[in-house]
Amino acid sequence: MADLLLRGARVIDPFQGLDEVLDVAVSRGRVSEVGKGLSGEGREVLEAEGLVLSPGFLDMHVHLRDPGREDEETLESGLEAAVRGGFTAVCCMPNTDPPLDNAPLVEDLVLRARGLGLADLFPVGCVTRGREGKELAEMGLMFASAARVRAFSDDGDPVVDSGLMRRALQYVRRFGGVIISHPEDVSLSRGGQVNEGRVSFALGLRSIPALAEEVMVARDLLLAEETGARLHLAHLSTAGSVRLLREAKARGVRVTAEATPHHLVLSELDIRDYDPVYKVNPPLRTPEDVKELRRALADGTLDAVATDHAPHSPEEKEREFDYAPFGVVGMESAFPVLYTQLVEKGELGLPVLIERLTLGPARALGLEPPDYGEGVRPGARADLVLLDTVTEWVIDASAFASRGKNCPFHGWKVRGRVVLTIKGGKVVYRAPDYRWSREQGEKVRERT
Amino acid sequence: MAGEAAERRHLLDVDDLTREDVERVLETARSFSEVMRRPIKKVPSLRGKTVVNLFYEPSTRTRLSFEVAAKRLSADVLNFTASTSSVEKGESLKDTALTLRAMGVDAVVIRHPVAGTPWLLRRWLDVSVLNAGDGMHAHPTQALLDLFTMRERLGDLEGRTIAYVGDILHSRVARSGFKACLAMGMRVVAVAPPTLLPPVLPEGVEVSYDLDEVIPRCDVLYMLRVQKERLLEGRFPSPQEYSRFYQLNLERLRAARPGVVVMHPGPMNRGMEIASEVADAPHAAITAQVAAGVAVRMAVLFLLLGMGERGD
Ligand SMILES: [Zn+2]
Ligand SMILES: [Zn+2]
């Protein structure tokens, strides 16, 4: 593999607090040099002036449907989607068929992922055997396996039994694991389709109150506080959840949390013509909730952006609202949508957004070098993403690598395109129609 | 109107109609209700047109009402009734839509247990779509026939007060009814126990938990059907307790204004939300609603299909 020189990009590396225009050389899978005026001799040179270079992103919440629903996504299509979205590492949720509740299953998945050489895979293991919510899964064995599972969740469902959730939190303290809560009190959400309020009444759809999430957030925060264990709250969607999270953090509870791009960008008012592409769990909330989530993402109350990438077949998704499954795909639209809606509108600095896509989730998971997060420095494994934040383009879900095309951002005009993803020094994605030349660099620079 | 109707080829909810459109429907319905008093109750307006009744929910009365309406306009009527369970396993709505499209029908009347389904059908099907009730969302022809019935009894509706009583939360009749009544300048009160009310009601709708307090100031008492299912969901403790506070019986009716109109979309749970003596009392306009249903549906079909064919 030829050595590579990325010349003149703005390097933003949250792991070192770096934000500077630099040349970055890549050799034998690693970053070999970082500096100014590096020589292009003997290297393939990419003129990256005006572009942004970041450590590869980490998506801590995706559904890859493998094993069990390979018609919706496979490990390969899912990890291909990841690198196209700039993610060089992903955590896949264990609600597969069979569920990822034992060491051999997660090891097999990690091995297969390694063979693909796309993004690193960090499977999330089940909290309970078979995701049945009755007895603990062999979390210790999954942790001790080659997959080294650190995070556990029954995502898709909450752990309903409070006693069991408490024991799960107590148990993972033994090896420093983290429990990821899917905060939903199903007795308050059952049958619901959209957020409860004005919109649910107008649409005549059964509703899911904000309370369904907040009751569970409150319970899990209390359990985390009492057990001293590490808790991560998935896909928070309401202002009330943010308030509870803020208070808990202030009390010193060991809790982290994520929000999804769709909850940060869309509200219940965006649901159009009963198109189930807007059907997600938790549901799209009010514009006030969106505002509060954005504030929390900016001030660090929310630690991470995670996509909750959930591919579904068109036969399942293009049907009556009640019958369609919950979920949207997200990896290939996450960065551009967030860049355009949050950074360009001045609500979030670009370095902060990048932090929430790299260091933030890594901390939440307890992922450290060499597994993830060496940053952009000499000797670091070259897991990098190059971003064009200048050129406007249109999101086309039909061109996604993901088998799921259920993307509410299809057709959106955005900036913030992933033009190059490098994993272990290898180019794993290069935007096909992107022009690399000094000229392009000039143009980009002029327009900045 | 012709041009407008040609563009607005659907009736999905009441807000598809302007106030003028509503007046036109009511006027047209009035002339059709005269036709229905003739010995030969048929006009040739929709000869050669095909109307499909696509019913995913059992509703004999609404389907019959649409069928009679279409036949009196000389349209051909096809009935497609599917039980939801077989549909969930079998042909998708999209495939059904594509089939109907290939068959070249002129209008589809759809009843479906899931809110919003007529909107999906409209996306996949290039013919007039009439919503005959979608989940708990909308039932525009019911709202129009209710207006028609109230007009016949009360004349001008401006400033009149209507109370919808019962399961507001799950009622498409109430959802479309609120819009229609507010658009006509009526005052609307929603009366129910809090567990059968939505958390937010549209602007202009007053909420009360107390039927006895509301009755004396109403011109119309609109009783909604309360399903057994709601009891199982724990939305009220027992049928006895429900009827004690929310049933319209003769004793309660005594507190009402003399000319009060009692309505119900049917089918009634006699002894639950309405006492038999009230359902059969002269105040009740319940059978008048059924008759109005045919006239109003004739008017809607006629205005959507019979007029406003584009010349170009
Ligand atoms: Zn979840
Ligand atoms: Zn999820």
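In this predicted model, the sulfur of Cys126(A) lies 11 Å from the closest cysteine sulfur, that of Cys92(A), which is too far for a bond. Cys126(A) is also buried, with a relative accessibility of 0%. A similar question can be put to its partner in that comparison: how far is the sulfur of Cys92(A) from the closest cysteine sulfur? Here the closest one belongs to Cys91(A), and the separation of 7.7 Å is again too far for a bond. Cys92(A) counts as buried as well, at 2% relative accessibility. Because a disulfide calls for two cysteine sulfur atoms within 2.5 Å, neither distance, 11 Å for Cys126(A) or 7.7 Å for Cys92(A), qualifies. In keeping with this, a search of the whole structure returns zero disulfides over all chains.

Attention can now turn to a charged residue of chain A. Glu214(A) sits in helix α7 of chain A, which runs over residues 210-227. This glutamate is buried, yet it has no salt bridge. The nearest side chain of opposite charge is that of Arg243(A), 6.2 Å away, and a salt bridge would need a nitrogen-to-oxygen distance within 4 Å. What does Glu214(A) touch, leaving aside its neighbours within four places in sequence? Its contacts there are Thr238(A), Gly240(A), Ser241(A) and Leu244(A).

Buried charged residues are also found in helix α13 of chain A, where Glu355(A) and Arg356(A) are among the buried residues. This helix, spanning residues 350-357, is mostly covered, with six of its eight residues buried. The others on the buried list are Leu350(A), Leu353(A), Ile354(A) and Leu357(A).

The two chains, finally, meet in an interface to which chain A gives 20 residues and chain B gives 24. Together they bury about 1900 Å², of which 61% is on carbon and sulfur atoms. Polar features are present too: the interface holds seven residue pairs in polar contact, both members being at pLDDT 80 or more. Three salt bridges cross between chain B and chain A. One of the charged pairs across the chains joins Lys94(B) to Glu318(A), whose side chains meet at 2.5 Å, N to O. On the chain B side, the elements that give two or more residues to the surface touching chain A are α4 (84-89), α5 (93-103), α6 (117-124) and α8 (172-183). Of these, α6(B) gives the most, with six residues.

How values were computed: Residues numbered from 1 in each chain as written. Chains lettered and ligands numbered in written order. Predicted model: local features only at pLDDT ≥ 70, side-chain atom pairs only at ≥ 80, totals over all residues. Heavy atoms only, no water. Buried < 20%, exposed > 50% of the residue type's maximum accessible area, 1.4 Å probe, protein only. Helix = DSSP H or I, 4+ residues; strand = E, 2+ residues; numbered from the N terminus. Lys, Arg positive; Asp, Glu negative; His and termini not counted. Contact = heavy atoms within 4.5 Å. Buried area = accessible area lost by both parts, 1.4 Å probe. Polar contact = N/O pair within 3.5 Å; in protein donor to acceptor, adjacent residues only side chain to side chain.
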